[in-house]
Structure formats: structure tokens, C-alpha cells
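Work through the exercises below with the sequence and the model in view, trying each task before reading its solution.

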Amino acid sequence: MVDALTSRLGTRFLVVTVVPNVLLVAYVGFLLATGAPTHSPSLARALMVLDGLTIRQIVAIFLGLLIISVATHPLQTPLIQLVEGYWWGLPFGAVAADRFTERFRNELRRTRNELQRVQGIKNMDWATVQAADDADDRQFWLPERERDLLPTALGNTLKTGEIRAGSRYGLELDFALPRLTPLMSPSSLAELSDRRNQLDAAVRLCLAAGLATAVGVGLLLWHGPWLFLALVTYLLCWACYRAAVAAARGFSISLAAAIDLHHLQLFDALQLERPTNLAQELELNKTLGMLFRDEPLRKKAKDDLRYIAPEADKPAAE
């Protein structure tokens with residue numbers, strides 16, 4: 001298990017952190033080697049600089065990249081939250097978040113109106129069916145309540161997946177998931193880990209490409225045709241963002257499947273009686289949510305959580 005964990009952690013560190021950092025540093029280093037911004041960029045000059053690198057300089061660059069990667073690896077969660085749209089702690093973040101969220105409020109209302117409009121149509125033509133399917137797909141990946149909407153497509157996709165995976169059982173995943181994760185099967189954990197790595201790698205590459213675009217514009221602004229490189233990195237940033245949204249959908253589907261398969265194991269681990277039906281589970285999980293949040297429980301709620309008495313130790317066979 002230790003070997004498997006080390007291997008998975010090493011793969012995550014390499015794919016999520018090292019590769020985007022290497023690509024970003026290599027791109028910026030290449031632009032500087034061409035002579036930008038003080039001189040007109042020259043590919044021959046860049047090749048001459050690269051050819052003149054010594055082993056000591058290459059090792060120093062490698063060690064510097066490794067140090068940067070180790071230092072920035074713990075920033076993955078804040079970076080994901082930044083791209084999701086959790087901007088309220090930033091200067092002018094609340095204003096920007098409200099402004100960008102308005103687009104998704106309008107989209108949610110528009111898709112609901114489109115679906116209501118086609119509900120009464122019995123014989124729909126092909127174009128109407130496709131439009132209805134598209135509206136249904138857009139609505140499916142938006143939170144049902146407007147107050148849950150976030151400023152970005154990635155944030156809304158992950159928020160919707162999290163709410164949908166837990167709400168059908170009355171689970172608040174912010175509190176329940178850390179308790180459920182240790183109970184999941186190795187195959188479910190591996191699937192979730194792989195999906196999360198894909199998501200994190202896409203977000204890191206998106207941010208690296210975005211930063212490369214900004215740096216490229218600054219270095220190449222006065223050098224005409226070379227600005228084409230900034231356009232390339234911008235398109236790469238856009239493609240990586242779309243890949244991140246697709247990865248978020250895959251992660252949300254895998255998360256919902258994992259919760260479906262393991263939600264009742266939470267009662268077993270807490271040595272509580274399992275609910276006998278879904279309605280009872282919804283009530284019990286509401287009580288557990290209050291317990292996990294350290295909120296006071298009423299006597300009836302406490303009585304509803306019934307412990308399973310441990311079996312008495314059997315006498316050893318003679």
C-alpha cells in the first residue's frame with residue numbers, strides 16, 4: 001500500500017505540478033533567449049544561447065524548477081478555488097464575482113424558459129429536439145438554486161456535482177466526504193484520484209498557458225509577427241480550460257457513483273443502525289450533518305441514532 005501511495009503521489013506531483021512548471025519556464029526562457037524584449041527576436045540567437053548552456057547551468061535550472069515545484073505543489077487547492085470563482089477574499093473580488101455570476105443567472109433562467117416552452121409541444125422537429133437537449137444539458141450542470149451559482153463554468157460544474165452526489169441521500173459532502181473516503185474501496189479511490197489528477201493537471205496547464213500569454217504579450221508586444229506565439233498560448237489556455245470543465249464533469253460522475261456505492265458504510269463505521277428506507281436515511285443524515293457541524297441535537301434526534309451493540313467475545317474453542 002505504501003508503494004502504491006508513493007507511486008500515485010509521485011505521478012500526481014509530476015503531472016500536476018512539474019510538467020506545467022517546466023513548460024512555462026521553458027517558454028519564457030526561450031523568449032528571453034531570442035533577445036526579447038530589448039532586441040528583435042531571433043531564432044538563431046535562441047539556438048545559440050541554448051547550445052551554450054553548460055552541464056552546471058542545466059543542473060542549476062533543473063534544481064530551481066524542482067524547488068519551485070515543491071514550493072507550489074500545496075497551492076493546488078487554492079488555485080482550483082480561484083479558477084472555480086471563489087473570489088470573495090480578493091480585492092474587488094465580491095464585485096467581480098457578482099458581475100460574472102450574472103451571466104449564469106441569465107443562462108439558468110433562459111434554459112428553464114426554453115424547456116418550459118417545448119414541454120407542451122407534442123410533435124417537435126429535429127432542430128427543436130436538439131435545442132431542447134442542449135438546454136437540458138446546460139441546466140443539468142448548473143446548480144438548481146441561484147444562490148449556489150459561481151462566476152465560472154468550472155465552479156458551477158463542480159458545485160453541481162458535489163450537491164447532486166450528496167443531496168439525494170441528505171449528505172453534506174463538505175462534512176461527510178472526509179468520513180466516507182477512508183471507507184471506499186480501492187477501485188473507487190483509484191478512479192476518483194485519477195479523475196482528480198486529470199482535473200488538476202488541466203487547471204495547472206490552463207493557468208500556466210494564461211501566464212505564458214501575459215508574459216508573451218509583454219515581451220513581444222513591439223515585435224509584430226512574433227505575437228502569434230501569444231495567440232497560440234491563448235488558444236492553449238482556452239483548450240485547457242474546456243478540458244478542465246470536461247474533467248470536472250467526469251470527476252462529478254465518479255464522485256456520485258462512489259457515494260452511491262458506499263453511503264451506507266458511514267453508518268457501519270459509526271456503529272449505527274442502518275436506515276430501513278431512503279426516507280429514514282434522509283432524516284438520519286440530516287441529524288448526522290448537525291452532529292458533524294457540532295450543532296446541538298434535540299432529544300428525538302439523539303434517540304434516532306441507535307448504536308449497534310458490539311458482539312460479545314466468544315469463548316476460545318478448546
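**Exercise 1: a residue in a surface patch**

Decide whether L66 counts as buried, partly exposed or exposed, and then place L66 in its patch.

Solution. At 35% relative accessibility, L66 counts as partly exposed, since buried means under 20% relative accessible area, exposed over 50% and partly exposed in between (1.4 Å probe, protein chains only). The model is predicted, so that local features need pLDDT of at least 70 and side-chain atom pairs pLDDT 80 or more, whereas totals for chains, interfaces and linings use all residues. Residues are numbered from 1 along each chain as its sequence is written, and side-chain values use heavy atoms, without hydrogens and water. L66 lies in helix α3, and α3 gives the most to the nonpolar patch, with eight residues.

**Exercise 2: two packed helices**

Determine how the axes of α4 and α9 are oriented to each other.

Solution. Helix α4 (residues 76–84) and helix α9 (residues 186–220) pack at an angle of about 70°, their axes being 10 Å apart. The two helices are therefore roughly perpendicular, the term for angles of 65 to 115 degrees. On the α4 side the contact (heavy atoms within 4.5 Å) involves Q76, L79, I80 and V83, and on the α9 side residues including R196, L199 and L207.

**Exercise 3: backbone exceptions**

Which peptide bond is cis, with omega near 5°?

Solution. Most peptide bonds are trans, and most residues other than glycine have a negative phi. The bond from A36 to P37 is cis, and P37 sits in the loop between α1 (2–33) and α2. F92, with phi near 60°, lies in the loop between α4 and α5 (93–119).

Conventions
Helix = DSSP H or I, 4+ residues; strand = E, 2+ residues; numbered from the N terminus. Axes fitted to C-alpha atoms, helices over the stretch in contact; angles between N-to-C directions. Parallel < 35°, antiparallel > 145°, perpendicular 65-115°, else oblique.
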